[in-house]
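Work through the exercises below with the sequence and the model open. Try each task before reading its solution.

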Amino acid sequence: MTERDLPSSPHVRSGTNSRSAGPLGKRNGSGPFGEAEGVSCGVSGTHQYDSGSAATNGPSDVPSDVSSEPTPHVLGREPGSGGPIARLGAFLARDGSTGAPVGIDLDGPHAGVLVGKRGTGKSYTLGVLAEEIAATVGVSPIVLDPMGVFEGIAALPDGRVLEATIHPESLPPDRWPEIARLDPDRPPGSLLWRVVEAVADGSSRTSLSAIREAIADADAPAATKRTVENHLDLLAAWDVFDADAPSVGSLIGGGPTVVDCRSLPPAATKAIGYALARGIYDHCVGGTSDVQPWLLVDEAHAFLEGLAADAFRTLFTRGRAPGVSVVCATQRPSALPPVAVSQSDLVIAHRLTDERDVDALRVAQPTYLADDLGDTLPAGVGRALVVDDATEGAHTVRVRERHTVHGGASPSVSDR
Ligand SMILES: Nc1ncnc2c1ncn2[C@@H]1O[C@H](COP(=O)(O)OP(=O)(O)OP(=O)(O)O)[C@@H](O)[C@H]1O
């Protein structure tokens, strides 16, 4: 990945939340939101609060907080446990008034999906998460950005936007036929596989030109070699393979990082998704990271199909053990592998209207989501139903405003 020069320094909104470290600084587990006591909700099924007492105190079984900062309800961890949290927003009452603040646990790793139809606020909410993770010591966000709407994150301390490039070695030899759209069981695909394997085992660093030279020297029919060369030309046109690309491990802990995949063809986007998801997992399994990465993926359906599917499946099923968190945002939950929703301990659902998408969510999370889920999902930009596996409840929230600029659009609901 190479750092992208941004046209001008993105504007940073003044913070609306009062954190001890300031809106854009790093914070640790202390402070008004850093060591919040989780409060039990103990409710199964969806729960939208009445206003009145709930509007100021949140759930009716939540004790009122007499301190200046109301105690946030923390999603994703057992009530009473401590540690840093991401300030997501506030409970939303039926009359539209907001209640107690709501946070998401950052003390341990999580797997989550963030869904909603177009324009309901998915990317924006993902950006809120990125800001909060960036502001917390011990965790670090890496945003996969296929639309180029997360540039504002670069305004955070140490923030950066990287052009999506990958080292050829980050893709194992058996994946190269698929990436090059060659059948591994046919001579060209099998030749490419063998050649990449040989180059990777050799003394020189794997690069597209090293692979090309090895193809030219291979003992194979000229027509087979020509086919492979033509397909390698297509890969080279993506302009994402770079033998000097930094390792995925170096992205973790290097400040909030946005990997800009805009204008890449879908196959290249998947290759980037594969390299990052697999690289982050392998790095953390190796136990070499002091910082827990959060991989935040926008338009996740673009990454989770085909080549990258296995790598993301691994993150959803086994990523938490080595400390990797993943949150995938999509307008089409029905296009995600079912395991992504069923293995998520955090589900943030903005409005969905397509029955297939509502079904995909309900079927994978039957314990918490009712049959009338489609009617329960809140209408309105920035409003979401949040399912919390740890406290076994579902709550309606209003997501807070961003501190950084979102995708060049107005960051305010009232401006719309
Ligand atoms: N919590 C919020 N507070 C204020 N404004 C918001 C909030 N959430 C979303 N918005 C505004 O709503 C608009 C749409 O949000 P966003 O781009 O996140 O939608 P989306 O669901 O990702 O849409 P798409 O699927 O088209 O990418 C943006 O202009 C954003 O500024």
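**Exercise 1. Decide whether leucine 315 is buried or exposed.**

Solution. Leucine 315 has 25 C-beta neighbours inside 10 Å, so it counts as buried. The cut-offs: a residue is buried if 20 or more other C-beta atoms lie within 10 Å of its own, exposed if 12 or fewer, and partly exposed in between, with C-beta atoms placed from the backbone. This is a predicted model: local features need pLDDT of at least 70, side-chain atom pairs count only at pLDDT 80 or more, and totals for chains, interfaces and linings use all residues. Residues are numbered from 1 along each chain as its sequence is written.

Next, place the residue. Leucine 315 sits in helix H10 (residues 309-318). Helices here are DSSP runs (H or I, at least four residues), strands likewise (E, at least two), both numbered from the N terminus.

Then list its partners. Leaving out residues up to four places away in sequence, leucine 315 touches Ala277, Tyr281, Leu295, Val324 and Val326. Contact means that two C-beta atoms, placed from the backbone, lie within 7 Å.

**Exercise 2. Classify aspartate 375 in the same way.**

Solution. Count first. Aspartate 375 has 10 other C-beta atoms within 10 Å, so it is exposed. Its place is in helix H13 (residues 373-376). Now take a distance: aspartate 375 and alanine 90 are 21 Å apart, C-alpha to C-alpha, and 285 residues apart in sequence.

**Exercise 3. Check the length of helix H6 and find its buried side.**

Solution. Start with the span. The expected value is 1.5 Å times one less than the number of residues. For the 17 residues of H6 (residues 222-238) that gives 24 Å; the end C-alpha atoms are 25 Å apart, which agrees.

Now sort the residues. Thr227, Val228, Leu232 and Leu235 are buried. They cover an arc of only 135° around the axis (taken from the directions from the helix axis to the C-beta atoms), so they lie on the same side of H6. Ala222, Ala223, Arg226, Asn230, Asp233 and Ala237 are exposed on the other side.

Finally, find the cover. Helix H3 (176-179), helix H4 (187-201) and helix H5 (208-217) are among what covers the buried residues of H6.

**Exercise 4. Find which helix gives the most to the largest nonpolar core.**

Solution. Define the core: a set of buried Ala, Val, Leu, Ile, Met, Phe, Trp, Tyr and Cys residues joined through C-beta atoms within 7 Å. The largest has 112 residues, and those with the most contacts inside it are Val259, Ile272, Leu276, Ala277, Leu295 and Cys328. H8 gives the most, with 10 residues. Domain 1 (103-163 + 249-408) and domain 2 (168-238) both contribute residues, so the core lies between them. These bounds come from an automatic or database domain assignment.

Look closer at H8 (residues 266-285). Of its 20 residues, 16 are buried. Isoleucine 272 touches Ala164, Ile166, Val240, Val259 and Cys261, not counting residues up to four places away in sequence.

**Exercise 5. Describe the contact between domain 1 and domain 2.**

Solution. Begin with the centres: over C-alpha atoms, 33 Å separate domain 1 from domain 2. The contact takes nine residues from domain 1 and six residues from domain 2. On the domain 1 side, eight are nonpolar, one is polar and none is charged. For this split, Ala, Val, Leu, Ile, Met, Phe, Trp, Tyr, Cys and Pro count as nonpolar, Asp, Glu, Lys and Arg as charged, and the others, Gly among them, as polar.
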